[in-house]
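The following paragraphs proceed from an enclosed space to a set of helix pairs. The reader is invited to keep the structure in view throughout.

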Amino acid sequence: MDFFGEQTRARSKSRWLTLWFALAVLSIILVVYFIIVIVLSPFPANAPFHWRYLWNGTCFLWTFLLVGGSIGLASLHKIHQLSRKGGAFIATELGGRYVPRATQDADERRLLNVVDEMSIAAGIPAPTVFLLDEENDLNAFAAGTTPADSVVAVTRGLLKQLDRDQLQGVIGHEISHIINGDARLNLRLIGVLNGILFLTLIGRILCRARGKNSGGVVFAGMLLFIIGYIGVFFGRLIKAAVSREREYLADASAVQFTRNPNGISGALRKIAGIGSRIQNPNAEEACHLFFSNSGGFSFFGGLLATHPPLAQRIARIENIDPALLAAKGNAPAGRAGSKVEDEFAVSFLNAVGGTQIAYAQNFLAALPPALVADLNHPDAAVAVVFALLLSPRPEIQQAQLDAITTTHTQKTAEDALAHRQWLAGEDPRKRLSLLDMALPALRELDASARIRCMECVDSLVRADGCLSASEFAFRHILKNTLTPTPVRASLRLEKLDADIAGLLAFIAYAGNPDETAAAAAYQHALARSPINNLQPFPARKDLRPEQIETALSRLAPANPRFREKLLHACVAAVEHDGKITVAESELLRAFAQSLDCPVPPSSLSPVP
């Protein structure tokens, strides 16, 4: 999959969304205005009708301000809620229960293991997992503003009914939504559309009014409810236009991701036989998020469907004629191992596939049980993270252990040392995957524990008086997860030249201790970067960590094609000398995550 191309298309969808939203708002305003004019404005008696009787500038202005303002404020309020709480807010609204990393339930452990496998293979931190306990049909969704704060939720029915391969196919589908930018777009869609559904929600509240003089209130509520259905219609139309095509893409990505078309097609066949209805009353606003259609019968049929028909999705995956599929999925099974043959069946990031899944499975299988247990508990996961930062030099390591004891406990320091002893005999390429596995548990820490953890991390990485590329990468990823800062609006591109030069020089120095070799890698990368003006090679002493973090925060909001070219330039700097060190690989992944572009762990082959 052309990842940056998909992000560009997602942004294009967002621009169309603005236009559709404006048309929907204007339609609602006009309907309210005409009702007011017809009901309240006197028409001349015994005079022929004329269109000018329908125009009242003052009435239209007040209608525009009150109705349009109410819709805009409702949308802004929802967008603000989602920007602060993200996908977890939607999951909770839909009745989701957070699945703790330390759960002992066998089904929940299987779900977490599959999510971990898919996330490690994709090169993203494992998303937070929620379970819709009250939903017995088969469905799932992903939501979040970035891969680092995304959530994946599944229904109890899906968890109980699907086997592991089928569950892996569904999770692969949802992970691809996170990586493609769909999860962000769909979350934004909920916020925007909340405004045009606002009148319906107010109408429902007024219709419940009780009392002697409530007749007028109930009538007003019924009127608002009916008018609000214009918003419902436009909302469903917009969601259908935005999401239907993306479902085909996510299906194809899941097949490329898992290299097992029978997994996701088997899940779709079970859904065809059992159903995917979501009973929660808040499901309507989030219907476009789900793996399969979450609603019931629609009067408008396929026009407002947020998902393609199941038969067509199965047929594309199994490469068979849709006509062969029975309505309930009782058709003969598709050809095993058949490939998806449509415009969306392209390689996932040109990298993610069977090799990455095998890497993730082997990595997880080789972890000591005690380490896995610690990774699933917030306080114990902190010790694992500290172990990743302990120096091999005894004098530096002792100072670091003292720092851990000061900010945490003696036991945390002892656990970190025990984990460090195990890590000493392992491939250093496992370090970043271990960090990714620890992040979900670290998100369970409260605000004060997060701050204390970052204070200790700062002490550990500066214990020897300098900050290595690996230490910068780990600290940056932890900071973005535990104490994230709001993303700034992107500056004008010409003002970003110095930031780009700093990033490229920083990564060039990371793999080349020799100044001449680093300068050559920098010039090689600069020629492939989106930089507008040639920049001199920065001196090593001028590249402060705070400067690099500021540069990353300013570059993150840039358009996808700009970030694509920048990331390719970073790769060019890393590959200039024909080898990739572990430090370069870790730094590149830290840059990529800041730029909202996951890098699978085995898409690069660092030399330890």
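The largest cavity is lined by G144, T145, T146, P147, S150, I178, G181, A183 and R184. In this predicted model, that lining divides by class into 3 nonpolar residues, 5 polar residues and 1 charged residue. The space within the largest cavity amounts to about 30 Å³, and the structure holds 1 cavity of 30 Å³ or more. Rolling a probe the size of a water molecule over the atoms is what reveals where empty space remains.

Among the lining residues are A183 and R184, and helix α6 spans residues 182–196. Helix α6 packs against helix α2, residues 57–93, with the two axes 7 Å apart and at an angle of about 150°. Angles over 145 degrees count as roughly antiparallel, and α2 and α6 are therefore roughly antiparallel to each other. Their crossing is right-handed. On the α2 side, the contact involves I71, A74, S75, K78, I79, L82, G86, G87 and I90. These meet L187, I190, G191, V192, N194, G195 and I196 of α6. By class, the contact of α2 with α6 comprises 9 nonpolar, 6 polar and 1 charged residue; glycine is counted among the polar residues in this scheme.

Further along the chain, helix α13 (residues 378–389) meets helix α15 (residues 410–423). The axes of α13 and α15 come within 8 Å and cross at roughly 55°. This angle makes α13 oblique to α15. The crossing of α13 and α15 is right-handed. From α13, the residues A383, V384, F386, A387 and L388 take part, and they meet T412, D415, A416, H419, R420 and L423 of α15. This contact divides into 7 nonpolar, 2 polar and 2 charged residues.

The last pair consists of helix α19, residues 497–511, and helix α21, residues 545–555. Their axes come within 9 Å of each other and cross at roughly 125°. With that crossing angle, α19 is oblique to α21. What is the handedness of the crossing of α19 and α21? The crossing is left-handed. Helix α19 contributes D499, I500, G502, L503 and F506 to the contact, while α21 contributes I548, A551, L552, R554 and L555. The residues of this contact comprise 7 nonpolar, 1 polar and 2 charged.

Taken by orientation, α2 and α6 are roughly antiparallel, α13 is oblique to α15, and α19 is oblique to α21. Taken by handedness, the crossing of α2 and α6 is right-handed, as is that of α13 and α15, whereas α19 and α21 cross in the left-handed sense.

Methods
Residues numbered from 1 in each chain as written. Predicted model: local features only at pLDDT ≥ 70, side-chain atom pairs only at ≥ 80, totals over all residues. Heavy atoms only, no water. Axes fitted to C-alpha atoms, helices over the stretch in contact; angles between N-to-C directions. Helix = DSSP H or I, 4+ residues; strand = E, 2+ residues; numbered from the N terminus. Parallel < 35°, antiparallel > 145°, perpendicular 65-115°, else oblique. Left-handed = near helix turned anticlockwise from the far one by under 90°. Contact = heavy atoms within 4.5 Å. 1 Å grid on protein atoms, 1.4 Å probe; cavity = no way out; pocket = protein on both sides within 12 Å on 5 of 7 lines; lining within 4 Å. Points joined across faces, edges and corners; volume = space filled by probe spheres on them.
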